[in-house]
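This report goes through one protein model, from the whole chain down to single residues. Please keep the sequence and the 3D view open while reading.

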Amino acid sequence: SVIPSRAFHCLAPLVGHLAVALVKPGYHLPHCPIFRSPLCLSGGDFEKLLVAIITTHIRYVIVTNQNPLDLETRFFEAARLIRHHADSGEPSWKQLQAAKEKLAELNVDDTAVLQGAKDLVLERPDAVWLMAKLANSKQSTTGEIGMDKANLEHVFPQNPTSAAWPNAASLEPLTWHIGNLTILGEKLNHKAQRKSFTEKRTLYFAKSEIELTKDILNYSQWDERSILQRGTDLTKAIAELWPSL
C-alpha cells in the first residue's frame, strides 16, 4: 500500500511521538525507512496501524468530508496509548489494539460512505492516488499501474468545447466528482483531452487496458445521471477496499 499525500501530514504527530524516522509520502510501506527505525510496534503491526490510519482518512476526510483535525487529535492520542502500553511491557498486538480502538472513535460505517457518493468531489492529489488504487484493484498483478504512470482522465473535460459538450453547463460542477474520473495511459490521455464522449468512448476508452476505464463503455451517454451512478459504484468499491474498522 502507499499513503495518500493529503493524509501524510496527519502521520507526523503519531510518528513524531513514537520517535521514529518520518516516512516519505508515496513510499511502499515494506521499503519505508520507518521500518528500519526503533519502534514500539513490530513491523507487521505498524503496517496494520498505517492501514487503519489510511482507512480512517479515506472514510472520514475524503469520502464524508469531515474535519481532518479530528484525525490529527486521535493520532496524537493513539501514539500516547502505544507508548503507554509499550512502557508497561505490553506486547505489540495489544499496543496496536489500543491504537485502533482510539481511531475507531471516528469510524464511518458503510451507509455513511455510500451516502457520501453524491457529493464526492476530489482534490487533485487525492484524485490521482484514489483512482490509481481503484484501478489497480481491478487489474491483474502483472497489469498494475505505478503511481508515476497514473494519468488522471476527466471524462467530461476540464476545458470542454460547446460543440463536443453541449451539456457542459450542467456537468461543469461535476468535473472533479469521482464518477467523472478515471485513469488512462499517457498517450491516450493526451489524445483524448477535449474530445466528445462518443469519441472518447470509441477511440480511447475501448483501447485502454485499464479495466476501470473500460467499465465506462457500459454507458451510452455521459450526463449528470451517469456521473452520479458511476460515483455510487466507485464508492461501493471504496467501502470494500478499505473496510470499516
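The text below covers the overall make-up of the chain, one helix pair and two loop residues.

**Overall make-up**

The model is predicted. The protein chain contains eleven helices and two strands. Their order along the sequence is α-α-α-α-α-α-β-α-β-α-α-α-α. The chain has 245 residues, and 46% of them count as buried. Its accessible surface comes to about 12000 Å², with 49% of that belonging to carbon and sulfur atoms. Among contacts between residues at least 6 apart in sequence, 70% join residues at least 24 apart.

**The pair α3 and α4**

Two packed helices are described by the angle between their axes and the distance between the axes. How are helix α3 and helix α4 placed relative to each other? Helix α3 spans residues 68-87 and helix α4 residues 92-103; they pack at an angle of about 160°, and their axes are 9 Å apart. Angles over 145 degrees count as roughly antiparallel, and α3 and α4 are therefore roughly antiparallel to each other. The crossing of the two helices, α3 and α4, is right-handed.

On the α3 side, the contact is made by R74, F75, E77, A78, L81, I82, H85 and A86. These meet Q95, A98, A99, K102 and L103 in α4. By type, the residues of this contact between α3 and α4 divide into eight nonpolar, two polar and three charged.

**Two loop residues**

The table lists N65 and G185 with their loops and their relative accessible areas.

| Residue | Loop | Relative accessible area |
|---|---|---|
| N65 | between α2 (43-63) and α3 | 66%, exposed |
| G185 | between β2 (181-184) and α8 (186-192) | 32%, partly exposed |

What is the sign of phi at N65? Most residues other than glycine have a negative phi. N65 is not a glycine, yet its phi is positive, at about 55°. N65 is found in the loop between α2 and α3, and N65 is exposed because its relative accessible area of 66% is over the 50% cut-off.

G185 lies in the loop that runs between β2 and α8. With a relative accessible area of 32%, G185 is partly exposed. Which residues does G185 contact, leaving aside its neighbours within four places in sequence? G185 is in contact with N151 and I210. G185 and E209 are 24 residues apart in sequence, and their C-alpha atoms are 8.5 Å apart in space.

Definitions and conventions: Residues numbered from 1 in each chain as written. Predicted model: local features only at pLDDT ≥ 70, side-chain atom pairs only at ≥ 80, totals over all residues. Heavy atoms only, no water. Helix = DSSP H or I, 4+ residues; strand = E, 2+ residues; numbered from the N terminus. Buried < 20%, exposed > 50% of the residue type's maximum accessible area, 1.4 Å probe, protein only. Contact = heavy atoms within 4.5 Å. Areas by Shrake-Rupley, 256 points an atom, 1.4 Å probe, with all protein chains shown as cover. Axes fitted to C-alpha atoms, helices over the stretch in contact; angles between N-to-C directions. Parallel < 35°, antiparallel > 145°, perpendicular 65-115°, else oblique. Left-handed = near helix turned anticlockwise from the far one by under 90°. Nonpolar A, V, L, I, M, F, W, Y, C, P; charged D, E, K, R; others polar.
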